[in-house]
Amino acid sequence: MSNQTILSVKHLNKSFGAKQILFDLSFKVQSGHIVGLVGPNGAGKTTILKAILGLIKSSGEILIDGQLMSFNHSAPLKSVGALIEYPGIYPYLTGRQHLQLFAHNGDIQTTIDELALNDFIDQKAKKYSLGMKQKLGIALALINNPQLVILDEPLNGLDPQATRDLRELIITKAQAGTTFLVSSHLLSELQKLADDLIVIDHGRLIASAAMNEILASNRHYVVISTNNDSLAEQTLSQNNYPVVSSDPLKVMIDAAHPVEKLLTVLNEQRVTVKDLIHEDDDLEQSILTILEEKNA
Ligand SMILES: Nc1ncnc2c1ncn2[C@@H]1O[C@H](COP(=O)(O)OP(=O)(O)OP(=O)(O)O)[C@@H](O)[C@H]1O
């Protein structure tokens with residue numbers, strides 16, 4: 001993975017009428033990375049992706065591979081493939097005909113194989129299920145081997161096998177140098193896929209960081225069961241261990257308050273630890289914590 005910026009978004013603002021939807025968003029996407037754009041329904045993910053693609057007017061600066069992109073200047077899109085919202089599909093064309101229509105060169109079979117479309121590629125699209133349409137839409141985004149692939153909720157309608165296959169395909173292509181910007185409201189899915197996360201809420205940037213940085217800010221806890229939980233709680237509080245709950249007794253641990261010291265101080269008070277379970281915040285909780293800290 002290189003550290004070259006392929007997409008740079010600066011001070012992106014968007015209003016629909018009097019209603020502001022995006023607020024001064026700035027972030028960068030590095031070449032060859034898989035970047036997850038995550039946020040609750042209505043956060044503004046689709047609007048951001050549409051602004052990047054020049055499908056809607058917005059203010060701010062969008063650079064794709066160093067070239068200025070705008071509503072009326074779409075030249076940088078030559079190196080971009082995208083699936084936005086529901087793929088625009090012609091009911092009376094087959095999947096293969098769709099791919100032939102949009103392919104710059106003749107090779108559509110690689111994409112058909114990569115996305116396992118063979119079973120239905122020669123049927124008319126009007127017979128497609130939601131998942132088949134979604135797969136065809138993804139194929140259309142990938143067909144010309146673009147440098148940057150933008151996928152809006154690509155997992156919508158996909159079954160677990162297709163979800164796993166798509167994840168593996170994205171990872172393989174990213175390893176070969178393709179950059180992906182993938183939106184989802186499913187953080188758990190992005191956790192398995194993305195190198196970096198851009199977190200949006202109410203049209204504002206909440207966090208933009210490498211996945212492992214966000215995970216590193218996870219909080220760690222231990223849940224302990226002792227022969228005297230109330231004495232244990234009192235002892236740990238006196239030693240500045242943040243007590244999260246009393247029943248079960250759960251405390252936060254960190255570098256300054258490690259497990260070893262916890263065991264020592266309890267032992268000194270002759271508290272016997274019968275059981276100790278480690279718990280970590282999940283990614284969702286880490287992001288909620290970031291949100292709470294920002295709103296505090
Ligand atoms: N054309 C439009 N006119 C007016 N408001 C719009 C328009 N498009 C989107 N919005 C509003 O902008 C906000 C963000 O919508 P957007 O579709 O970008 O969110 P999202 O994060 O993609 O959500 P979802 O996960 O539900 O698709 C919503 O409040 C939506 O109602």
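This report describes the domains, the ligand surroundings, the nonpolar cores, one central strand pairing and a few individual residues of a predicted model.

**Domains and ligand**

The protein chain is divided into domain 1, covering residues 5-215, and domain 2, covering residues 219-280. Taken over C-alpha atoms, the centres of domain 1 and domain 2 are separated by 45 Å.

The residues that surround the ligand are Phe16, Ile21, Gly39, Asn41, Gly42, Ala43, Gly44, Lys45, Thr46, Thr47 and His185. Helix 1, which spans residues 45-52, supplies the largest share of this shell, with three residues. Sorted by class, the shell around the ligand holds three nonpolar, seven polar and one charged residues.

**Nonpolar cores**

In soluble globular proteins, nonpolar side chains tend to be buried together. Here the largest nonpolar core has 57 residues, and those with the most contacts inside it are Ile52, Ile150 and Phe180. Helix 4, residues 130-142, gives the largest share of this core, namely seven residues. A second, separate core has eight residues, among them Ile224, Tyr241, Leu266 and Val271.

Which residues does Ile150 touch, not counting residues up to four places away in sequence? Its partners on that basis are Leu49, Ile52, Leu53, Val80, Ala82 and Leu181.

**Strand 8 and its partners**

Strand 8, residues 179-184, is mostly covered, since six of its six residues are buried. In a regular strand the side chains alternate between the two faces of the sheet. Both faces of strand 8 are covered, with Thr179, Leu181 and Ser183 buried on one side and Phe180, Val182 and Ser184 buried on the other.

Strand 3, residues 34-38, pairs with strand 8 in the parallel sense over five bridges, and within strand 8 it is Val182 that stands opposite Gly36. Strand 7, residues 148-152, likewise pairs with strand 8 in the parallel sense over five bridges, and the bridge partner of Asp152 in strand 8 is Ser183.

**Backbone exceptions and single residues**

Most residues other than glycine have a negative phi, and most peptide bonds are trans. Asn145 has a positive phi of about 50 degrees although it is not a glycine, and Asn145 lies in the loop between helix 4 and strand 7. Glu153, also not a glycine, has a positive phi of about 50 degrees, and its place is in the loop between strand 7 and helix 5, residues 160-175. A cis peptide bond, with omega about 0 degrees, joins Asp247 and Pro248, and Pro248 lies in the loop between strand 12 (243-245) and strand 13 (249-253).

Glu279 lies in strand 14, residues 273-280. Leaving aside neighbours within four places in sequence, Glu279 is in contact with Tyr221 and Val223. Glu279 and Ser237 are 42 residues apart in sequence, and their C-alpha atoms are 19 Å apart in space.

The table sets out the surroundings of Asn145, Glu153 and Glu279.

| Residue | Other C-beta atoms within 10 Å | Exposure |
|---|---|---|
| Asn145 | 17 C-beta atoms | Asn145 is partly exposed |
| Glu153 | 20 C-beta atoms | Glu153 is buried |
| Glu279 | 14 C-beta atoms | Glu279 is partly exposed |

Why does Glu153 count as buried? A residue is buried if 20 or more other C-beta atoms lie within 10 Å of its own, and Glu153 is therefore buried because 20 other C-beta atoms lie within 10 Å. Asn145, with 17 other C-beta atoms within 10 Å, is partly exposed.

Key
Residues are numbered from 1 along each chain as its sequence is written. This is a predicted model: local features need pLDDT of at least 70, side-chain atom pairs count only at pLDDT 80 or more; totals for chains, interfaces and linings use all residues. A residue is near a molecule or strand if its C-beta atom, placed from the backbone, lies within 6 Å of it. Helices (H or I, at least four residues) and strands (E, at least two) are DSSP runs, numbered from the N terminus. Ala, Val, Leu, Ile, Met, Phe, Trp, Tyr, Cys and Pro count as nonpolar, Asp, Glu, Lys and Arg as charged, and the others, Gly among them, as polar. A nonpolar core is a set of buried Ala, Val, Leu, Ile, Met, Phe, Trp, Tyr and Cys residues joined through C-beta atoms within 7 Å. A residue is buried if 20 or more other C-beta atoms lie within 10 Å of its own, exposed if 12 or fewer, and partly exposed in between; C-beta atoms are placed from the backbone. Two residues are in contact if their C-beta atoms, placed from the backbone, lie within 7 Å. Domain bounds come from an automatic or database domain assignment. Two strands pair if DSSP finds at least two bridges between them.
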